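User: I am new to this structure and would like to learn how to read it step by step. Could you guide me through the features one at a time?

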Amino acid sequence: MATEILMPALSPTMEEGTLAKWLVKEGDSVKSGDILAEIETDKATMEFEAVDEGVIGKLLVAEGTEGVKVNTPIAIIGEAGETMAAKAPAPADEAPKAAEKAPAAAAASAPASVKVDRSPDWPDGTKMKTQTVREALRDAMAEEMRADDSVFIMGEEVAEYQGAYKITQGLLDEFGARRVIDTPITEHGFAGIGVGAAFGGLKPIVEFMTFNFAMQAIDHIINSAAKTLYMSGGQMGAPMVFRGPNGAAARVGAQHSHDYAAWYSQIPGLKVVMPYSAADAKGLLKTAIRDPNPVVFLENEILYGRSFEVPDVDDFTIPFGKAKIWREGSDVTIVSFGIGMTYALEAAEKLAAEGIEAEVIDLRTLRPLDYDTILESVKKTNRCVTVEEGFPVCSIGNHLSAYIMTHAFDYLDAPVLNCTGKDVPMPYAANLEKLALTSVAEVIEAVKTVTYR
Amino acid sequence: MPPRKTAATTAAATGKPAANVSAEDLKRYYREMLLIRRFEEKAGQLYGMGLIGGFCHLYIGQEAVVVGLEAAASEGDKRVTSYRDHGHMLACGMDPKGVMAELTGRIGGYSKGKGGSMHMFSKEKHFYGGHGIVAAQVPIGAGLAFSDKYRGNDRVTFTYFGDGAANQGQVAESYNMAQLWDLPVIFVIENNQYAMGTSVKRATKSPDFWERGVAYGIAGEAVDGMDVLAVKAAGEKAVAHCRAGKGPYILEVMTYRYRGHSMSDPAKYRTREEVQEMREKRDAIENVRQMLLTGGHASEDDLKKIDKEIKDIVNEAAEFSKESPEPDLSELWTDIYADTAPQDA
Ligand SMILES: Cc1ncc(C[n+]2csc(CCOP(=O)(O)OP(=O)(O)O)c2C)c(N)n1
Ligand SMILES: [Mg+2]
């Protein structure tokens, strides 16, 4: 049976090319792998090989011909002894026909988000206890490890040393070396091993001594963990938690002070959590461990030692995507998360003394993000200030500003202002470090600007 | 350039299959290797027709590596590899139709058309990708082995990577932890002599890749990757080592890719003679063919029949990959999270 040999596409972008040279002539026998011709693409001269065995019947395009479109028949190949006439060149267009219908509006955008959830995190009258963020995180992991044997923790100094920041205190004693695993200093490698273990059906908690060091592992967090569910068409993903302290501690300089909130929040496929209080740290970490997706859980060293009231119950979780309103107010909305909440809450206290009532929203999770709670508040106050310690360019605050502008433009009485860290590497000197972070004074000033006071 | 380390007299050279290999087995390896080759040739053709886009890395020339090692694997063992993954998928029993339809970006593909040539997976066949980042699959393979060790079963994970990947830092990191924790992982270095356009000797002064494991205490060896029986024998040794709880094993399999690195590689970094030499004198499929014929295990007609069967399977896969529709537009927004729909940001 005679078949046409078509002008091949020889690169991802090639649409036409020059048939530079024929290396066979009519009547030649060829077999798979024999070089038929040299073809010049926009980038290079490539050899074009035979796929089928047969005899070259006719060369349809002369060598030296320029601008030969991909899929144009260039030769006829057939079995020995066959006579071959050129078929009338059929429109050599086998390009996909399917799904050519106009994109349905519904299909072309993400499903609408859920509505505002104002339910209390725990019922009134729940017995409470005072705990540090550190203890709350440890309890969250211990409870989930008791409940599910597939949960384990790995990282540097998590076992025998009891945690570089003592978050894993006591876990080795209770769960043993099978499930509480000290790694060598090898972030890229153990993050990848964690992802592999998650593909294999386990639920790893990968602790980074700090998130600064996770930059060596970010390829596995993003390319291996976050994208696999999609790339596998839903067949497999990485149910796991990457956690550790994030952002500035105190006086540790530029390489140990980076806030990655905005970085990870950009990635579809990741969930991103950044708790402020101990109750949220506990409830959200338990949710993170149970979540069937990769979760980046950003803690803060300065908050580890802070105490909060935590529900004293057996099983307490906080859902993702539900912001917490710490303080109600009608004059301005202050949106923050993580350690940013310390500035937001203190500024709100001081502003109240001056007669400005701020509503303070703690996002708690950045992905998913509770847009509805923000919009509802902004529609009430008509003004918004965001607060975070991270860099200003492409910050979470920038994103929220754009979102509010798009969805509540007519409600705004002033531009949304972003309080962020300064656009400089973190300095060491105490006075400069203070200046590099945002501050209560900056938040107050921003609020006064948007309230025209 | 012939592979640097090859046994002087391999089974292929003598025309006699090793004593423990039956004629049936030999025919099976022939069939499996041929399926990969014909499938890849067809993929190249569909690429030329614009039906396959982007990057497409063919496995032609390296078939004996994955067929030999799959012959040493048992049900439940895992495998993970790079973007040069079509051969691995066919060899572990994935459906050629689903693989080809993924190459053409159709709903009938293993990833519903959302992964492409470099990113495919099959939970059912314990195939964990399909990874586009050079060497990222290496710690992932160690992690898969970790999950088996954690559960206390005796499964092993075949972790395939190239000579180029072998120079990545995360390979060294993985060796160290795999040996530290006795992980049942076989690191398979598919040394096809080139990483894109960079030959091994232009990338390292320590070209005996398997020997790097010695620094970590990992056992290993180099194998003639153009000899499917030698690969199988080495694979069985490696599997036995891992199943016995002795930790990882490194196999450096000396092989060669006949085609360019990807479809758009003009391959100016090596001579046509070098490629022809390998194709004509060392081809793994031709070697087995000769063994079957000279050993009297199969006639020309028998082999023609196999060739025809394979051709039909590949043509059927190609047809399926053209007819399967493109994914519905709503698929853009699925499979981002396992539990929830994505948010509209
Ligand atoms: C981290 C990374 N760097 C570079 C590339 C681009 N790239 C893709 S394949 C390749 C060569 C890899 O060669 P090798 O590991 O020998 O595997 P082979 O292609 O020969 O199978 C390069 C440089 C990549 N995909 N990922
Ligand atoms: Mg290579």
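User: What spacing do the donors of the magnesium ion (ligand 2) follow along the chain?

Analyst: Please keep in mind that this is a predicted model. A spacing pattern gives the donor residues in chain order with the number of residues between them, and for the magnesium ion (ligand 2) the pattern is D-x28-N-x1-Y. The protein donors behind these letters are B:Asp163 through OD, B:Asn192 through OD1 and B:Tyr194 through O, lying 2.1 Å from the ion.

User: Are B:Asn192 and B:Tyr194 buried or exposed?

Analyst: Burial is judged from relative accessible area, with under 20% as the cut-off, and both B:Asn192 and B:Tyr194 are buried.

User: Which residues are closest to ligand 1?

Analyst: Of the 15 residues that surround ligand 1, the closest are B:Tyr83, B:Arg84, B:Gly164, B:Ala165 and B:Asn192. The shell around ligand 1 divides into 7 nonpolar, 6 polar and 2 charged residues.

User: Where does ligand 1 have polar atoms of the protein beside its own nitrogen and oxygen atoms?

Analyst: Here one reads pairs of atoms, noting whether the protein partner belongs to the backbone or to a side chain. A polar backbone atom of B:Val134 is 3.1 Å from a nitrogen atom of ligand 1, while a polar side-chain atom of B:Asp163, which is also a donor of the magnesium ion (ligand 2), lies 3.0 Å from an oxygen atom of ligand 1. At B:Ala165, a backbone N or O atom lies 2.8 Å from an oxygen atom of ligand 1. Taken alone, ligand 1 exposes 590 Å², of which the protein buries 71%.

Technical notes. Residues are numbered from 1 along each chain as its sequence is written. Chains are lettered from A and ligands numbered from 1 in the order in which they are written. This is a predicted model: local features need pLDDT of at least 70, side-chain atom pairs count only at pLDDT 80 or more; totals for chains, interfaces and linings use all residues. Side-chain values use heavy atoms; hydrogens and water are left out. Donors are N, O and S atoms within 2.8 Å of the metal (3.2 Å for Na, K and Ca); water is not among the atoms, so sites may look incomplete. Buried means under 20% relative accessible area, exposed over 50%, partly exposed in between (1.4 Å probe, protein chains only). A residue is near a molecule or strand if one of its heavy atoms lies within 4 Å of it. A polar contact is a pair of N or O atoms within 3.5 Å; within protein, one must be able to donate a hydrogen and the other to accept it, and residues adjacent in sequence count only if both atoms are side-chain atoms. Accessible areas come from the Shrake-Rupley method with a 1.4 Å probe; for residues, only the protein chains shown count as cover. Ala, Val, Leu, Ile, Met, Phe, Trp, Tyr, Cys and Pro count as nonpolar, Asp, Glu, Lys and Arg as charged, and the others, Gly among them, as polar.
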